[in-house]
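Reader: I would like to go through this model step by step. Please keep the answers short.

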Amino acid sequence: NVRPLEIALPDRFRQLLSKDGTLHSSVLGSLADFNSWIRSDSLPFFPEYTDHGPTHISEVLATESALIRTSGWPTLTPADISVLTIATLLHDSAMHITEDGFIALVSSKEEHVDPTTDAGGSLSWPRLWQDYLTEARHFSQAMLYELFGSSEPIKVPPLDSDLLTKKDRRLIGEFIRRHHGRLAHEIAVLGVPGPAAERMHLRNISADFADLAGFLARSHSLPLRSCLPYLHRRYHVRDYKGVHAIFLMALLRVADYLQIQQGRVNDKAKFLYRLKSPLSNREWAVHSSVANITFAHE
């Protein structure tokens, strides 16, 4: 059985995309392919995080659409909407990586796996993982308590999904969180890491648009101005095949920031689970404190 598409495109996005049949088909196909992976219940390394599934993606897309001023719509193109939609789909995709996907990533024999060295990631994933473990062994008691709710020193997690403890998963989760922007970019270009040689890829997205969408997704975890050199080296910054990258980067960033609301928190979970991490407790409290967000005003 095919899972129904849970990621909703705003009406104005659909209308603009429909003007280019090829891009429209590619975007809808990619959303359908990734839908079964990016689910609210598929966060093996982030059990205490707020919603980052299809609902969150749909809400970010809706917020992006609402933030665009009426005077701005005539300037936007189907290419803009296709790249922005894919970037939004992928911006937190690293959080959904499976245990086998993570193990494959940090066990890679390749010396260098980042396809975009000049975007700020020249080290291979195995090297990044080993450097992180070295740092983690020297985490302060305050840092350990912040992340794990305990000041007990960390142990190196086994690279075996059957042997990972909850604490191992939270340690891996912090590593992924630090590098989730880079991983989103690589997923756009190289596909989703997994145990098999063949990967899940975006559907019929050209190499340059996949790279642009991935870099847009990556940009939300970087200082915005630091993204300019990469764009200058590879593309025309103001307008590349109808893509206005800087505007889209700002739009994704602001729309993602605005997703602080009660709907991202499972209000029944507090009766069933105890959040171990003080960091997670604060994040849930922030979301729960927002009673209402509306674009309607007097």
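Author: The questions below go from the whole chain to one residue and one helix. The model is predicted.

Reader: Which secondary structure elements does the protein chain hold, and how many of each?
Author: From the N terminus on, every element in the run is an α. The count is zero strands and 13 helices.

Reader: What share of the residues in the protein chain is buried?
Author: The protein chain has 298 residues. Buried here means under 20% relative accessible area. The buried share is 50%.

Reader: Where does His91 lie, and is His91 buried or exposed?
Author: His91 sits in the loop between α4 (78-90) and α5 (99-106). Its relative accessible area is 0%. The cut-off for buried is under 20%. So His91 is buried.

Reader: With which side chain does the side chain of His91 make a polar contact?
Author: The His91 side chain also reaches a backbone oxygen, that of Thr88, at 2.6 Å. Beyond four places in sequence, the contacts of His91 include His56, His180, His220 and Asp256. The side-chain partner, at 3.3 Å, is Asp256.

Reader: What span should helix α12 have, and how far apart are its end C-alpha atoms?
Author: Helix α12 covers residues 245-257, which is 13 residues. The expected span is 1.5 Å times one less than that number, so 18 Å is expected. The end C-alpha atoms agree with this, at 18 Å.

Reader: Which helices are included in what covers the buried residues of α12?
Author: The buried residues of α12 include Leu248, Leu252 and Asp256. Their cover, together with that of the other buried residues of α12, includes α3 (54-67), α4, α10 (207-219) and α11 (228-234).

Methods: Residues are numbered from 1 along each chain as its sequence is written. This is a predicted model: local features need pLDDT of at least 70, side-chain atom pairs count only at pLDDT 80 or more; totals for chains, interfaces and linings use all residues. Side-chain values use heavy atoms; hydrogens and water are left out. Helices (H or I, at least four residues) and strands (E, at least two) are DSSP runs, numbered from the N terminus. Buried means under 20% relative accessible area, exposed over 50%, partly exposed in between (1.4 Å probe, protein chains only). A polar contact is a pair of N or O atoms within 3.5 Å; within protein, one must be able to donate a hydrogen and the other to accept it, and residues adjacent in sequence count only if both atoms are side-chain atoms. Contact means heavy atoms within 4.5 Å.
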